[in-house]
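Visitor: Got a minute to walk me through this one? I'd like to start with the overall layout and then get into the details.
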Amino acid sequence: MDILEFVLQVLLGISSLLLTLLILLHKGRGGGLSDMFGGGMTSALGSSGLAERNLNRFTVVLALVWFVSIVALGLITKFQVI
C-alpha cells in the first residue's frame with residue numbers, strides 16, 4: 001500500500017505542475033484578467049486551430065488524471081489501518 005501511495009503522490013505532483021503549465025498556455029478569450037495584459041487583442045472569437053483543440057484535450061485528460069489521483073489518495077488515507 002505504501003508503494004501505491006508513493007506512486008499516486010508522484011503522479012499528483014507531476015500532473016499538478018503540467019496542468020498549471022497547460023492552463024497558462026491557453027489563449028485568453030474573455031474580458032477578465034487576460035485582457036488586462038493584452039491577451040484578448042489577438043484572439044478571434046469562435047475560431048480555434050488544431051493546436052488549440054489538442055491543447056484543450058491534453059488539459060482535460062490531465063485534469064482527469066489529477067482528479068482521480070486526488071480521490072485515490074483520499075480513499076487510501078481514509079481506509080488506511082493505523
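Guide: Sure, we'll go from the overall layout to one helix pair and then to a couple of leucines. Keep in mind that this is a predicted model.

Visitor: OK, how many helices and strands are there in the protein chain?
Guide: Three helices and zero strands. Going from the N terminus, the order of elements is simply α-α-α.

Visitor: And what share of the residues is buried?
Guide: Of the 82 residues in the protein chain, 18% are buried.

Visitor: What about contacts between residues 24 or more positions apart?
Guide: If you take contacts with a separation of 6 or more, residues 24 or more positions apart account for 77% of them.

Visitor: Let's switch to the helices. At what angle do α1 and α3 pack?
Guide: About 150°, with the axes 9 Å apart. Here α1 covers residues 2-25 and α3 covers residues 50-78. Angles over 145 degrees count as roughly antiparallel, so α1 and α3 are roughly antiparallel to each other.

Visitor: Is that crossing left-handed or right-handed?
Guide: The crossing of α1 and α3 is left-handed. As for the residues in that contact, 19 are nonpolar, five are polar and one is charged.

Visitor: How far does α1 reach from its first C-alpha to its last?
Guide: It reaches 35 Å with its 24 residues, close to the 34 Å expected at 1.5 Å a residue.

Visitor: Which residues of α1 are buried?
Guide: E5, L8, L12, S15, L19 and L22. What covers them includes α3.

Visitor: Any general reason for spacing like that?
Guide: An α-helix has 3.6 residues a turn, so residues three or four places apart point the same way.

Visitor: Now the other side: where is L62 found?
Guide: L62 is in helix α3. Buried means under 20% relative accessible area, so L62, at 15%, counts as buried.

Visitor: Which residues is L62 in contact with?
Guide: Skipping neighbours within four places in sequence, L62 touches S15, L18, L19 and L22. S15, L19 and L22 are among the buried residues of α1.

Visitor: How far apart are the C-alpha atoms of L62 and L19?
Guide: They are separated by 6.4 Å, with their positions 43 residues apart along the chain.

Visitor: One more. Is L4 buried or partly exposed?
Guide: L4, which lies in helix α1, counts as partly exposed because its relative accessibility is 44%. The C-alpha atoms of L4 and L73 are 9.1 Å apart, and the two residues are 69 residues apart along the chain.

How values were computed:
Residues are numbered from 1 along each chain as its sequence is written. This is a predicted model: local features need pLDDT of at least 70, side-chain atom pairs count only at pLDDT 80 or more; totals for chains, interfaces and linings use all residues. Side-chain values use heavy atoms; hydrogens and water are left out. Axes are lines fitted to C-alpha atoms, for helices over the stretch in contact, and angles run from 0 to 180 degrees between N-to-C directions. Helices (H or I, at least four residues) and strands (E, at least two) are DSSP runs, numbered from the N terminus. Angles under 35 degrees count as roughly parallel, over 145 as roughly antiparallel, 65 to 115 as roughly perpendicular and the rest as oblique. A crossing is left-handed if the near helix is turned anticlockwise from the far one by less than a right angle, and right-handed if clockwise. Ala, Val, Leu, Ile, Met, Phe, Trp, Tyr, Cys and Pro count as nonpolar, Asp, Glu, Lys and Arg as charged, and the others, Gly among them, as polar. The expected span of a helix is 1.5 Å times one less than its number of residues. Buried means under 20% relative accessible area, exposed over 50%, partly exposed in between (1.4 Å probe, protein chains only). Contact means heavy atoms within 4.5 Å.
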